[in-house]
Every structure is written in C-alpha cells, then in structure tokens.
Amino acid sequence: MPRATWKGAVLAESDDSVVVEGNQYFPSLAVRREYLRPSATHTTCPWKGVASYYDVVVDGEVNPDAAWYYEDPKPAATAIRGRIAFWRGVRVEP
C-alpha cells in the first residue's frame, strides 16, 4: 500500500493513490491533516493548472511546501482532483 512518511510520521497511506509524472497522489481523506499547514505558495503547470502547497510539520520541524494539490485541475488532470502529493524529503513508498 503506498505510504508517505517524514521524520517517522505517517503522512498518508492508501491503496487508492494515482501516479502522475512519477508522483503518488493520495486521496485527501487518506492524508493526516494534523501534519499539514497551509502555505502561501502557488505554482502553475501548463497541463495540470495551479498547484497550492502545504508545509509538512512533524514534532515542530517544518518541511516547507513539501505537499501540493490542484484544487481545480485542468481537464487533462482530473484524475488528481481531491488528491495530495509529497516531495522534498518526504519518503513515498509504492
């Protein structure tokens, strides 16, 4: 079962993840929100749309912008609507 961890904390775990461009996108309900803090960062992907970010916070340690999601993805990326992905040192196991 795909799982995302950082600093020993399980951030997400689900058999219902979707892989896009090598990134596991976890269903929002499978993500432990207590480890996420909204970030002001936004980026734009030409085919997915505007990405919004979360800082990952575990035991007071902050991994800035280590999680992202597309609130309103473009039509080609509808499979990732309502899903969250991780990077920047977050370990994602398939």
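Q: What makes β7 and β8 a pair of strands?
A: Strand β8 (residues 83–86) runs antiparallel to β7, and three bridges join them. Two strands pair if DSSP finds at least two bridges between them, and a strand is a DSSP run (E, at least two residues), numbered from the N terminus. Three bridges satisfy the requirement of at least two, so β7 and β8 are paired. Within β8, phenylalanine 86 is the bridge partner of alanine 67.

Q: What kind of model supplies these values, and which pLDDT limits apply?
A: The model is predicted: local features need pLDDT of at least 70, side-chain atom pairs count only at pLDDT 80 or more, and totals for chains, interfaces and linings use all residues. Residues are numbered from 1 along each chain as its sequence is written, and side-chain values use heavy atoms, with hydrogens and water left out.

Q: How many bridges support the pairing of β4 and β8?
A: Two bridges connect β4 and β8 in the antiparallel sense. That count meets the pairing criterion, so the two strands are called a pair. Proline 27 has arginine 83 of β8 as its bridge partner.

Q: Why is β4 described as largely enclosed?
A: Buried means under 20% relative accessible area, computed with a 1.4 Å probe on protein chains only. Four of the five residues of β4 fall in this class, so the strand is largely enclosed by the rest of the structure.

Q: What makes β3 and β5 edge strands?
A: Six strands form an open antiparallel sheet in the order β3-β4-β8-β7-β6-β5. Both β3 (18–20) and β5 (36–45) pair on one side only. The twist averages 35° from one strand to the next, where axes are lines fitted to C-alpha atoms and angles run from 0 to 180 degrees between N-to-C directions.

Q: Which residue in the turn between β3 and β4 has a positive phi?
A: Glutamate 21 does, at about 50°, in a hairpin with two residues between the strands. The strands themselves pair antiparallel over three bridges, and glutamine 24 is the bridge partner of valine 19.

Q: Why is one side of β2 and of β9 left without a neighbour?
A: The second open sheet has the antiparallel order β2-β1-β9. β2 (9–13) and β9 (91–93) stand at its edges, each with a single partner strand, so one side of each has no neighbour in the sheet. Four bridges support the antiparallel pairing of β1 (residues 3–6) with β2, including that of alanine 4 with alanine 12.

Conventions. Buried means under 20% relative accessible area, exposed over 50%, partly exposed in between (1.4 Å probe, protein chains only).
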